[in-house]
Amino acid sequence: MATLNSFVSEKQLTTIEAPMLSANSTEKKFIGAATVTNTYTSEVEVTFWRMLTATTGTTGSGGNWAIQKTIPAKATVRLDKLLGQVLGFSMKISALASVTGVVNVDMSGTTETT
């Protein structure tokens, strides 16, 4: 069965990697929309990972991140590289920002259960 879901709504990023979305053993999640809104007066860098739930995200040269993007002040940006991605068993999307409490994440899509 497939269900449309609002996975994450206005969840604020911190400077510590935190899970945004995960899939359990009986579901797959398809990401149809993903945006970040920077409410701060300066640009903020965000980092997103798509990986196994037991994996820790790393940044820098050789890092396992999927997206690193600078978000302009007072702007909403679509995260095109997450659109169409699928989370299977024991996978997650996690994220952090260079400034705590100023970037909101919204993600939605479809959950397929077995």
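Begin by selecting Ser-90, which is found in the loop between strand 7 and strand 8. The model shown here is predicted. The phi angle of Ser-90 is near 60°, a positive value in a residue other than glycine. Display the surface at this position: Ser-90 has a relative accessible area of 24% and is therefore classed as partly exposed, since that class lies between the buried limit of 20% and the exposed limit of 50%.

From this loop, move forward to strand 8, residues 91-97. Strand 8 is joined to strand 2 by four bridges, and the two strands run antiparallel. To view one pair of residues across this pairing, select Pro-19 together with Ser-94; Pro-19 stands opposite Ser-94 in strand 8.

Now widen the selection to the sheet that contains these two strands. Four strands form an open sheet in the order 2-8-4-5, with antiparallel pairing. Its edge strands are strand 2 (18-22) and strand 5 (67-71), each of which pairs on one side only. From one strand to the next, the twist averages 25°. Strands of a sheet pair through backbone hydrogen bonds, in either the parallel or the antiparallel sense.

Return next to the other end of the loop and select strand 7, residues 86-87. This strand runs antiparallel to strand 3, and two bridges join them. Within strand 7, Val-86 is the bridge partner of Phe-30.

Strand 3, residues 27-38, is the next selection. What is the sense of its pairing with strand 9 (residues 103-113), and over how many bridges does it extend? The two strands pair in the antiparallel sense over eleven bridges. Select Glu-27 to see one of these contacts: its bridge partner in strand 9 is Thr-113.

Strand 3 also pairs with strand 6, residues 75-78. Four bridges join these strands, which run antiparallel. Select Val-36 and then Val-77 in strand 6, its bridge partner. When examining side chains along these elements, recall that in a regular strand they alternate between the two faces of the sheet.

The final stop is Glu-10, located in strand 1 (residues 2-12). Its phi angle is near 55°, a positive value in a residue other than glycine. Is the residue buried or exposed? Glu-10 counts as exposed because its relative accessibility is 57%, and the exposed class begins over 50%.

Definitions and conventions:
Residues numbered from 1 in each chain as written. Predicted model: local features only at pLDDT ≥ 70, side-chain atom pairs only at ≥ 80, totals over all residues. Heavy atoms only, no water. Pairing = 2+ DSSP bridges. Axes fitted to C-alpha atoms, helices over the stretch in contact; angles between N-to-C directions. Buried < 20%, exposed > 50% of the residue type's maximum accessible area, 1.4 Å probe, protein only.
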